[in-house]
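Open the model in your viewer and keep the selection tool at hand. This tour goes stop by stop, with something to select at each one.

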Amino acid sequence: SRTYDPLVALAAYYANGQSAEGLGRDIFDADPDRIARETAALAEKVVDNPFEGGHNMAGYGLASVEYGWGKGGTGMWMYYGRNGGHGHLDRLNIDVYYRGLCMMPDLGYPEYATSWPQRNYFTNNTISHNTVIVDQLPQAVNWVGHPELFCQFANFGAVRVDSREVYAGVQRYQRTAAFVRVGEGQGYVVDFFRIKGGKDHLYVLHGPPGEVTTEGLELTAQEGGSYAGADVAFRTQTPKGAGYGYSWITNVERDPSPGSAFAVDWKAQDGYRGVTAEENTHLRYHCLTEVADVALGDGEPPQNKPGNPRWLRYLLAHRSGEELQSTFAGVIEPYSVDPVVASAERLAITGAPEDAQAAAVRITLAAGTVDYIVSSADDEAVVSSEGGPTFSGGIGGLRVREGQVV
């Protein structure tokens, strides 16, 4: 009623359950239903939902690849905007949307918007988010990252952002995430996180609350303590510096020598955000990176927010070394009952400049289709992979069925 912008009216219409009923009513208006009537007339002329599909909002720092609409839709988003003030230290945090759920849910608003341990050590801290911690330190505050690539096609979309400013001395802090659509309301994410610099890289990821199972790991329960160590009690307020917030993860299990590939599966608990036993909703992460050690541990979301679970279980995949360069690669799939991704493997790169940090992944789907997802930090270098395509560019996808490229 203030702007008379048709897109604003349509946004209200879709937010109102694709209904104009009750919109814009004003008891002082001679015709209180005028806005609703005009909005309904606008909506009748719409052929395609104007809000479907992904967006890259470079000023705000949010990119999404989206397919479908509402609970039947699916997709992913990456946040790369302000991480100070009311923001969290969560640069390059990602999430997957599936059947009306955020499958890797952000902790959201803290219990209390003031300086107190739970907020400072965990809720707002980098360690509670789906990103990478460098040298055991929280990210530095920065306004926005640098989007380098964004695309969305019929069955494939991707975003690449670099944000090296959040870690002093790091030459690259870059994430490329591709969403591959498999069918109606179904798809998976291939995640490439590249870091160049520092001596310690910790990849953090969590799924929905519920039972967590693993494949390819030999986990041993730690006797007490926290992720900071068996001798550091849960919620110990350690000084700011290395390991800040690590003591806010408890019930730790560790594998000190994992293989080069493993999988972690989160089964969403019944009742969480409306999840039912019949839906049997899961998130599975295939780690395709050689890491020094792996841990699982529980972090506590704000407990005074309705619907929040008691715990979220975190995966912490760790690498260390002098002048460290890491290219974390993995496949993230939301699914119900049975996964669509039958297997995922990382292919050896046989020719490429080292600085390209190139990677190639072969994904076999349950129906026998094979997808190749390739990625490089160098958009021009020609990269060859063992048993996979030769490619050049930031991100690419190739689908093969019965030996034929489709």
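Select Y4. This residue is exposed, with a relative accessible area of 51%. The cut-off for exposed is over 50%. Y4 sits in the segment before helix 1. Keep in mind that this is a predicted model.

Now check the backbone of Y4. Its phi is positive, about 55°, although Y4 is not a glycine. Most residues other than glycine have a negative phi.

**Two helices**

Step on to helix 1, residues 6-15, and add helix 2, residues 34-44. Two packed helices are described by the angle between their axes and the distance between the axes. Here the angle is about 90°, and the axes are 10 Å apart. Angles of 65 to 115 degrees count as roughly perpendicular. Helix 1 and helix 2 are therefore roughly perpendicular to each other.

Show the side chains where helix 1 meets helix 2. From helix 1, pick P6, A9, L10 and Y13. From helix 2, pick T39, L42 and A43. The residues of this contact divide into 6 nonpolar, 1 polar and no charged.

**A second positive phi**

Jump to L92. Find this residue in the loop between strand 3 (74-79) and strand 4 (93-98). L92 has a positive phi of about 70°, and L92 is not a glycine. Is L92 buried or exposed? L92 is buried, with a relative accessible area of 0%.

**The sheet of 8 strands**

Next, select strands 7, 8, 9, 10, 19, 16, 15 and 12. They form an open sheet of 8 strands, in the order 7-8-9-10-19-16-15-12. The pairing is antiparallel. Which strands are at the edges? They are strand 7 (146-152) and strand 12 (210-215), and each pairs on one side only. Look along the sheet for its twist, which averages 15° from one strand to the next.

Zoom in on strand 8, residues 156-162, and strand 9, residues 172-183. These two run antiparallel, joined by 7 bridges. Pick F156 and look across to strand 9: V180 stands opposite.

**The sheet of 6 strands**

Move to the other open sheet on this tour. It has 6 strands, in the order 6-11-18-17-14-13, with antiparallel pairing. At its edges are strand 6 (132-134) and strand 13 (220-221). Each of these edge strands pairs on one side only.

Walk across this sheet pair by pair.

- Strand 11 (residues 200-206) and strand 18 run antiparallel, with 7 bridges between them. Select H206; its bridge partner in strand 18 is Y314.
- Strand 18 and strand 17 also run antiparallel, joined by 7 bridges. Select L296; its bridge partner in strand 18 is L315.
- Strand 14 (residues 250-255) and strand 17 run antiparallel, with 4 bridges. Select R254; its bridge partner in strand 17 is A295.

Stay on strand 17, residues 293-299. How many of its 7 residues are buried? The count is 7 of 7. In a regular strand the side chains alternate between the two faces of the sheet. On one side of strand 17 are D293, A295, G297 and G299. On the other are V294, L296 and D298. Both faces are covered, and these residues are all buried.

**The nonpolar cores**

Now select Y173, L316 and I332. They belong to the largest nonpolar core, which has 62 residues, and they touch the most other members. Which strand gives the most to this core? That is strand 18 (residues 312-320), with 5 residues.

A second, separate core has 21 residues. Its members include V180, V190, F192 and A344. You have met V180 already, opposite F156.

**Last stop: a loop**

Finish at A228, in the loop between strand 13 and strand 14. A228 counts as partly exposed, at 34% relative accessibility. Show what touches A228: Y246 and S247, leaving out residues up to four places away in sequence.

Then draw a distance from A228 to E279, C-alpha to C-alpha. How far apart are A228 and E279 in space? The distance is 36 Å, and the two are 51 residues apart in sequence.

Conventions. Residues are numbered from 1 along each chain as its sequence is written. This is a predicted model: local features need pLDDT of at least 70, side-chain atom pairs count only at pLDDT 80 or more; totals for chains, interfaces and linings use all residues. Side-chain values use heavy atoms; hydrogens and water are left out. Axes are lines fitted to C-alpha atoms, for helices over the stretch in contact, and angles run from 0 to 180 degrees between N-to-C directions. Angles under 35 degrees count as roughly parallel, over 145 as roughly antiparallel, 65 to 115 as roughly perpendicular and the rest as oblique. Contact means heavy atoms within 4.5 Å. Ala, Val, Leu, Ile, Met, Phe, Trp, Tyr, Cys and Pro count as nonpolar, Asp, Glu, Lys and Arg as charged, and the others, Gly among them, as polar. Two strands pair if DSSP finds at least two bridges between them. A nonpolar core is a set of buried Ala, Val, Leu, Ile, Met, Phe, Trp, Tyr and Cys residues joined through side-chain atoms within 4.5 Å. Buried means under 20% relative accessible area, exposed over 50%, partly exposed in between (1.4 Å probe, protein chains only).
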